[in-house]
Amino acid sequence: MAVKPVKFVHKVIDSVPAGSENDVTLIADVSGNGYNDIIIGGKFAPGQGRMEATANLVWYEYPTWERHTIGCGELEAGGVVCDLTGNGKPDLIIGEQIRRKNLFWWECPDDPTKPWKRRLITDKFEKYHDQAIGDVDGDGEDELVFLSQTARILGYFNIPVDPTIEPWPEANCHIIAEDVVLEGLRIVDIDGDGINEIVAGANYFKHEGDPTSPWKHVVLIDPFAAARAVVADINGDGALDIILAEGESYPGKLVWLEGPDLKKVHTLREDLCNPHSLEVADFNNTGTLDIFVGEMNLKKKPDPKLYVYLNDGNADFQVQEIDCPQGTHEAKVADIGNTGRASIVGKPYLPFNQVDLWENVTE
């Protein structure tokens, strides 16, 4: 099988980031100039042990990558960009880590280079790993879906008419599932019936409208460790597939489940090192979706790598390795610079600390 290879140029955006144990990577046009910028958030301040940071949530402005402060918090992996105020600016929703109970949103000011206003959504749970925005209860309005790994719940908030109220009303909070520890949120209409499902790792949850038991829980693979998830039609048959990576495991699996019934499991890899980065994109501009997966270092593997599984159009993949000795965590894929090509943005978690761009320069 011959597929068009992809070429990346690695650049270090920031060799001395504002945060340490960086968890959050988000992409958005923060400046409003039509180009994607980079948002990074961490648990702590660098060089201060595990002391709380005062400016560990920042954004980098394209094309100079000048760093601007958003705010602070002991941030957990995940986060979502959304326009909560309806003014066309990218607000942020991010939760805090273990032993911390705050789920916050930051309001983008008229001048995003100035500090952002941090507002409390809730302090009722703990360790908010992953958030997503979408209509999950069929009412025609978007909700905020969140995971709390310590509380072992999947839940959602109806977004208040005035989102600046602190905290959001408890009546707006709904629990979808209890006694679950999940990762990897996606909101998508998997079965094409016009109602979104919630994909949470190797599970999905469907709202069925029964007030006594409104949510159907489907386990896709059991056992399967805490998983990153992506939903896309990767074999071109018109049905959505689900791609999963065991993001917190070494060795960790990379698989895809073939739609529409999601029963057939295709295993691409079983020896990955904490593959906490998973995205799909057409990296080589051939009209088919490829799979990107990135390993973390965590002092467990001397030569972690990024992998791009290049698709021939029929979900037969040719893997291309990208050396990455520092590893990457929660990396995201986006068009950086309006080139029409999908580049990769990420950062190590431990033991290194920097912000990386793998610029796609494929001709």
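# Briefing: an all-strand predicted model

The protein carries 32 positive and 61 negative side chains, and the centres of these two sets are 7 Å apart. The model is a predicted one. Its secondary structure consists of 28 strands and zero helices. The points below cover the overall form, the largest nonpolar core, the residue Asn102, and some backbone details.

**Overall form**

- The radius of gyration is 19 Å, which agrees with the value near 21 Å for a compact globule of 363 residues.
- Along the principal axes, the C-alpha atoms occupy a box of roughly 55 × 50 × 40 Å.
- Of the 363 residues in the protein, 58% are buried.
- The protein has an accessible surface of about 14,600 Å², and carbon and sulfur atoms account for 46% of that surface.
- Among contacts with a separation of 6 or more, 46% are between residues 24 or more positions apart.

**The largest nonpolar core**

- In soluble globular proteins, nonpolar side chains tend to be buried together.
- The largest nonpolar core in this protein has 17 residues, and the members that touch the most other members are Val199, Leu220, Ile221, Ile242 and Leu244.
- Three strands, β18 (227-232), β19 (241-246) and β20 (252-258), each supply at least two residues of this core.
- Strand β18 gives the most to the core, with three residues.
- Setting aside residues up to four places away in sequence, Ile221 touches Ala202, Leu244, Val255, Leu257 and Val265.

**Asn102 and its surroundings**

- Asn102 sits in the loop that runs between β7 (91-95) and β8 (103-107).
- With a relative accessible area of 18%, Asn102 is under the 20% cut-off, so Asn102 counts as buried.
- Apart from its neighbours within four places in sequence, Asn102 is in contact with six residues listed here: Gly95, Glu96, Leu120, Thr122, Asp123 and Tyr128.
- Asn102 and Lys300 are 198 residues apart along the chain, and their C-alpha atoms are separated by 31 Å.

**Cis peptide bonds**

- Tyr250 and Pro251 are joined by a cis peptide bond with omega of about 5 degrees.
- Pro251 belongs to the loop between β19 and β20, two strands that each supply at least two residues of the largest nonpolar core.
- Another cis peptide bond runs from Gly259 to Pro260, with omega near 10 degrees.
- Pro260 is in the loop between β20 and β21 (264-272).

**Positive phi at residues that are not glycine**

- Glu21 is not a glycine, yet its phi is positive, at about 45 degrees.
- Strand β2 (residues 20-28) contains Glu21.
- The relative accessibility of Glu21 is 11%, so this residue counts as buried.
- Asp130 also is not a glycine and has a positive phi, of about 95 degrees.
- Asp130 is placed in the loop between β9 (117-122) and β10 (131-134).
- Asp130 has a relative accessible area of 4% and is therefore buried.

Methods. Residues are numbered from 1 along each chain as its sequence is written. This is a predicted model: local features need pLDDT of at least 70, side-chain atom pairs count only at pLDDT 80 or more; totals for chains, interfaces and linings use all residues. Side-chain values use heavy atoms; hydrogens and water are left out. A nonpolar core is a set of buried Ala, Val, Leu, Ile, Met, Phe, Trp, Tyr and Cys residues joined through side-chain atoms within 4.5 Å. Buried means under 20% relative accessible area, exposed over 50%, partly exposed in between (1.4 Å probe, protein chains only). Helices (H or I, at least four residues) and strands (E, at least two) are DSSP runs, numbered from the N terminus. Contact means heavy atoms within 4.5 Å. The radius of gyration is taken over C-alpha atoms; the globule rule is 2.2 Å times the number of residues to the power 0.38. Accessible areas come from the Shrake-Rupley method with a 1.4 Å probe; for residues, only the protein chains shown count as cover. Lys and Arg count as positive and Asp and Glu as negative; His and the chain ends are not counted. The place of a charge is taken as NZ of Lys, CZ of Arg, CG of Asp or CD of Glu.
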